[in-house]
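Here are my notes on the model you sent round. Please read them alongside the sequence and the coordinates.

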Amino acid sequence: MSAQPATTAPPQYPDKIDAAVLKVAGVVVLGAIMSILDITVVNVALPTFQKVFADGGEPLAYSAVAWTVTGYTLALATVIPLTGWAADRFGTKRLYMTALLLFTLGSALCAMANSIEMLVSFRVLQGLGGGMLMPLGMTIMTRAAGPARMGRLMAILGVPMLLGPIFGPILGGWLIDHYSWHWIFLINLPIGALALVYAFLVLPSDRPEPSESFDWVGMALMSPGLALFLYGVSSIPGEGTFFAPKVLIPGLIGVAMVTGFVVWSFRPEHPLLDLRLFRNRNLTISITTMVLFAAAFFGGLLLVPTYFQQVRGESPVDAGWLMAVQGLGAMLTMPVAGALSDKLPVGRIVPIGLVLITGGMFALTQITATTSYGYILPVLFVMGLGMGATMMPLMTSAIKTLTSHQVARGSTLLNISQQIASSIGIAIMSVVLTNGLSEDPLVAQAQGFGQATAGVSDPAAIGRLLPQFPEVAAILAPFGQDLAAGQAVLLDAVRGAMAGAFSSTFWVAAILISLTLVPAFFLPRKREVAHLLDDADAAEVAPPVILH
């Protein structure tokens, strides 16, 4: 009888966050900052793109320049499913550096674009790199931290996910105002170069597993299906309905292809997305909670800066600064929640955060056009506290009970679920808000009146147009020839009506976020057993060696 081969004892991780792990975290955070910040920075530049890429002096349609955002998002979602396989096949370090290079190269090309078609194409290249950065970053952080420190490390990774949507509009507005639109892309070049050098020096060497075959059938079904589905969802706000052909046709084809992928994914040994991981109860409950949370919170979060700009008349930069109070709240609770999730079951942490967010969202249903910032800003702060106590503990719970070889695929599942949920939530809130605004007679007539009187200064000519807009005429009638005073009162009335549409939309977000409490009730309430080291040897998951 032959002797059994000696097994290598799994490595012992220190309980505290040491310098070696912080250096790895720095690499991941740099990549995440570039990827997430770029999504929100470009949003501010869309009106600028309409002008600088104008054809024959006529500004481009908003729907045309919006593809600079949609194209990036679709590329992001399309490449995420490949990340788990590619990480196992080529190694996380090589793939992460490749993703950084693609993103940085795409940024440089975007800055050189001289047409909207070129810009959209280069944004797709950016998205192919950016889509891999977040799931790869989670995998790298998880393997570097070990099971006892995951919560605290995930809290570090959560900082760019939180600050990107808040400071993106501030940075984008400032760069465009003081320099040019090119700089919203050029700013990525030094960050990307630094991240590449940093990753080469700090990340541990790869030990890829080239024996795993690629799921070509899954690729043909999942990535195009997901892109078509998200294209349909992204078209909802522009079409104003879920039933427009531009929404239904790609959306239904996408759903059919993704459904086909789900059926197929249980046949190959190594599918593109390993849905067998949903047999893990904690992963399933965490992802279910994350999906509901992302749809409701990120959809509702989009409304707040829009309210500041459209109802309160704030600039994009000022709206970004007003949103910063939410980031401050999350920065206070995120490290605390991260430390607690290493010691306590997330089922005792996440519901507290969700209650804070739910309460804040219901508070926003009471806003009007004149609600004091002394009311709104504390509400946003409380919601930030809730977000910091929710997002990273959920991710920690989802990944914590996976084995080392499942981490890349588990983080891919988590990221793609969040991406889909966020897109759906934003589409739902946009449609509810758009319909609320268009169905209000005063808002609709005021918009038509503004277009009809553009460039008209003669009071008599304006008076002859008023009968076509009875809601507007009723407000302006008492002012006679004093158009300036009348238009100021009209603007106040319109903003009041718009605030009503925002309030109604916040009700939808509040109800959705309250439903998140249902799956959150089933999150682990007893200390979880970490399985990260179950199938790992010392060479694969040993703490990273720092090169000097």
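**Notes on the predicted model**

1. Thr358. Helix H13, which spans residues 350–364, contains Thr358. This threonine has a relative accessible area of 9%, so Thr358 counts as buried, the cut-off being under 20%. Setting aside residues up to four places away in sequence, Thr358 touches Ala510, Ile513, Ser514 and Leu517.

2. Basis and overall make-up. Please keep in mind that this is a predicted model. The chain has 22 helices and zero strands. Of its 548 residues, 54% count as buried. The area that the chain exposes is about 22700 Å², and carbon and sulfur atoms supply 67% of that area.

3. Contacts along the sequence. Consider the contacts in the chain between residues at least 6 apart in sequence: 83% of them join residues at least 24 apart. Tyr198 and Gly26 give one pair to look at, being 172 residues apart along the chain with their C-alpha atoms separated by 8.5 Å.

4. Tyr198. This tyrosine is found in helix H8, residues 188–202. Is Tyr198 buried or exposed? Neither label applies, because its relative accessible area is 25%, and values between 20% and 50% count as partly exposed. Apart from neighbours within four places in sequence, the residues in contact with Tyr198 are Leu22, Lys23, Gly26, Val27, Leu30 and Leu203.

5. Helix H14, geometry. H14 covers residues 373–388, which makes 16 residues. From its first C-alpha to its last, H14 reaches 22 Å, close to the 22 Å expected at 1.5 Å a residue. At the start of H14, a side-chain oxygen of Ser372 comes to within 2.9 Å of the backbone nitrogen of Gly374.

6. Helix H14, burial. Which residues of H14 are buried? They are Ile376, Val379, Leu380, Met383, Gly384, Leu385, Gly386, Met387 and Gly388. The run from Met383 to Gly388 is therefore buried at every position, each being under 20% relative accessible area.

7. Nonpolar surface patch. Phe242, Phe243, Leu248, Ile249, Leu252 and Ile253 make a nonpolar surface patch of about 610 Å². One of these residues, Ile249, lies in helix H10, which runs over residues 245–264. When you inspect this part of the surface, the six side chains named above are the ones to display.

Definitions and conventions: Residues numbered from 1 in each chain as written. Predicted model: local features only at pLDDT ≥ 70, side-chain atom pairs only at ≥ 80, totals over all residues. Heavy atoms only, no water. Patch = residues over 30% accessible without salt bridge, like charges linked within 9 Å, V, L, I, M, F, W, Y side chains within 5 Å. Areas by Shrake-Rupley, 256 points an atom, 1.4 Å probe, with all protein chains shown as cover. Salt bridge = Lys/Arg side-chain N within 4 Å of Asp/Glu carboxyl O. Helix = DSSP H or I, 4+ residues; strand = E, 2+ residues; numbered from the N terminus. Expected span 1.5 Å × (residues − 1). Buried < 20%, exposed > 50% of the residue type's maximum accessible area, 1.4 Å probe, protein only. Polar contact = N/O pair within 3.5 Å; in protein donor to acceptor, adjacent residues only side chain to side chain. Contact = heavy atoms within 4.5 Å.
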